[in-house]
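Please open the structure in a viewer and keep the selection panel at hand. The tour below proceeds from one selection to the next.

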Amino acid sequence: MTRGAPIFAVGTLAALTLLGGSAIPAPPPGPAAPRQPTAAPLLVSYDSCAQALAGLRAAADASVGPWGFGNGWRTGAAFGDVPKDASGARASAQSAQPAQEHSTTNVHEAGADEPDLVKTDGRRIVTVTRGVLRVVDPAARRETGRLDLTRATPELSWGEQATLLLQGDRALVLTQVGPELQRATRAARPRTAPSLILVDLAGTPRVLGTYRMDGSLVDARQTGTTARVVVRSRPRLVFPYAERGTDATRTAANRAVIAAAGVEAWLPAYEWTAGTERHVGRVGCDRLSRPPAWSGTSMLTVLSFDLAGDRLGDGDPVSVAADATTVYGTGSSLYLAGERAVTARPGSPRGGTWRPDPQVTEIHRFDTGSPGRPRYVASGSVPGTLVNQYALSEWQGHLRVATTTGEAWGTRPTSESAVYVLRPDGDTLVRTGAVTGLGPGERIWSVRFLGGSAYVVTFRLTDPLYAVDLTDPTAPRVTGELKITGYSAYLHPLPEGRLLGVGQEADRRGRTQGLQVSLFDVRDPARPARLDQWHVPRAYSALEHDTHAFLHHPETGLVALPVGDDVRLLRVSGTDIGEVGTVSHTGPAGPVLRSLLVGDVLWTVSAAGLRATDPTTARSLDWLPVT
């Protein structure tokens, strides 16, 4: 049985310095044609608002149908009025409390931090639950501060779970808040908006400033003290609702709305505060760019914030009339990738339908080596689609990309997978080599790049673990294959040439049988082997879709793994997997969401509170309820 893929909505378009540099389109090469340039989208800036409006109207006109854009998406409402500007700031002090040794968020690459539900710097643990930020002193095992964030952002209580970035005595809280009602149409529905809150943690926590923008929060990355936040917005177009009429008349009415709209319908509005002062604005036409193929139905805006400062400011926004689904960052580069968009039958009476081309992924690289807005460097494309950000890896000046093409379902699946190697050549990402034909009839479930090697798991009925040698970027090759039942949805590197896989066991027909943790020996690239297996029938781990839920301590071999509502503690040695015990939370806590180490104490976090545990025995040491 073929299972659906987990959805990773981690797409983003990095803060672009799009006004300098571009990439020239070229036909995409076949897998056997190394050193051929990939199709590189040309990112073009506008010279004026009139030029931008003409382009946006034309693209949206070609994309609209009788019921709006896409699958019935209809309209957007304005963020709010834009009053005159003001200025002001407050300063924060620095805390000098010593930090203990501590774990960090499980991220793809060191030097590119990712927002998470909990953060620690060894001297404090910071969480946000039901709109309240809490600070816990792990040494004293007590709450030392709290801040009701709903006073700064009243809609926060309606929002999704907040995530955090931490820099010194500053916490940046990121959440999607709402609802905001559309007022201009009978087809009104709730809308949400990203909300960012900068909090000073020195002493009693206090809000330094806020930021809110039209759209939805995509993702964020932090390099040094700079946080880059990506927002995706839709044009604020109110299409008429006609129960009677033909598709042709409905499409014509929608196109009339587009023709009458001003450029502000597409350019996102924002609002930011510093102390008691409020600042508002809108992304300028000089900050908008586009690729050659685009729909006019979505906009990505990248915001850059210095977390060492006392205010968020306007975020130095830059927008692009495009979309993306995956972001991958290192300490010096930010890559964003998304399926290439094409129009189907433009000019037809029903209007063109804007849809992704599932066979091509476009990739843009940005230089994040300096604070502030990243600098656009190069673009390219590869056949197929990505499973998540772990399908991308930068190493020794090259980008490695693992993708799947075709369909992995039905009685005659057409899918197969590949690993491509790209290098920048001017403003184009050029393909230098590829290995194709992995897992015919299957699709990629997980990827891990480690130095000059890649490990790729494909699955439909069984689970081949492929070992790929990438040390020669012009001639990557498969060196070994291990075929076992089930699959690994996440692969984690361990010391001494071992790899831990977490996913599902399955029978020979591909039917899942419950949680499976596998310990692989990959020291011999020609003979990957499984050393041990830990299986929990009918169980599931949130790690299969949320990689931040994983904790590994290399020095002791401790692994904290969410299983159902609890956390199971494992001890992984050189040859086997042993179980230490289970950590549960009291009462109707819901699932335990995160695990972290501070000193020699394991802390687990749920919506009900934090538990301190001895990681060597799983014995509870303390419980701090959320009150």
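Select strand S23, residues 398-405, in this predicted model. Of its 8 residues, 8 are buried, so the strand is largely enclosed by the rest of the structure. Display the side chains: His398, Arg400, Ala402 and Thr404 point one way, while Leu399, Val401, Thr403 and Thr405 point the other way.

Next, add the strands that pair with S23. Strand S22, residues 392-395, pairs with S23 in the antiparallel sense over 4 bridges, and Glu394 stands opposite Leu399. Together S22 and S23 form a hairpin with 2 residues between them. In that turn, Gln396 has a positive phi of about 50°. Then select strand S24, residues 416-425, which runs antiparallel to S23 and is joined to it by 7 bridges. Here Thr404 of S23 faces Ser417 of S24.

From these strands, proceed to the largest nonpolar core, which has 30 residues. Which of its residues touch the most other members? They are Ile363, Leu392, Leu399, Val401, Val419 and Val447. The elements that give two or more residues to this core include S23, S24, strand S25 (428-438) and strand S26 (443-450). S24 gives the most, with 5 residues.

Centre the view on Val447. Apart from its neighbours within four places in sequence, Val447 is in contact with Val387, Tyr390, Ala391, Ala402, Tyr455, Val456 and Leu491. A second, separate core has 21 residues, and Leu56, Phe69, Trp266 and Leu288 are among them.

Leu56 leads to helix H1, where the buried residues are Ala52, Leu53, Gly55, Leu56, Ala59, Ala60 and Ser63. Viewed down the axis of H1, these buried residues fall within an arc of 165°, so they line one face of the helix. In general, an α-helix has 3.6 residues a turn, so residues three or four places apart point the same way. Turn H1 to a side view: at 1.5 Å a residue, its 15 residues, 49-63, should span 21 Å, and the end C-alpha atoms are 21 Å apart, which agrees.

Finally, select the open sheet of 4 strands in the order S34-S35-S36-S37, with antiparallel pairing. Its edge strands, S34 (551-553) and S37 (577-583), each pair on one side only. From one strand to the next, the twist averages 25°. Within the sheet, S35 (residues 558-563) and S36 (residues 566-572) pair in the antiparallel sense over 6 bridges, and Val559 stands opposite Leu570 in S36.

Notes:
Residues are numbered from 1 along each chain as its sequence is written. This is a predicted model: local features need pLDDT of at least 70, side-chain atom pairs count only at pLDDT 80 or more; totals for chains, interfaces and linings use all residues. Side-chain values use heavy atoms; hydrogens and water are left out. The expected span of a helix is 1.5 Å times one less than its number of residues. Buried means under 20% relative accessible area, exposed over 50%, partly exposed in between (1.4 Å probe, protein chains only). The arc is that of the directions from the helix axis to the C-beta atoms. Two strands pair if DSSP finds at least two bridges between them. Axes are lines fitted to C-alpha atoms, for helices over the stretch in contact, and angles run from 0 to 180 degrees between N-to-C directions. A nonpolar core is a set of buried Ala, Val, Leu, Ile, Met, Phe, Trp, Tyr and Cys residues joined through side-chain atoms within 4.5 Å. Contact means heavy atoms within 4.5 Å.
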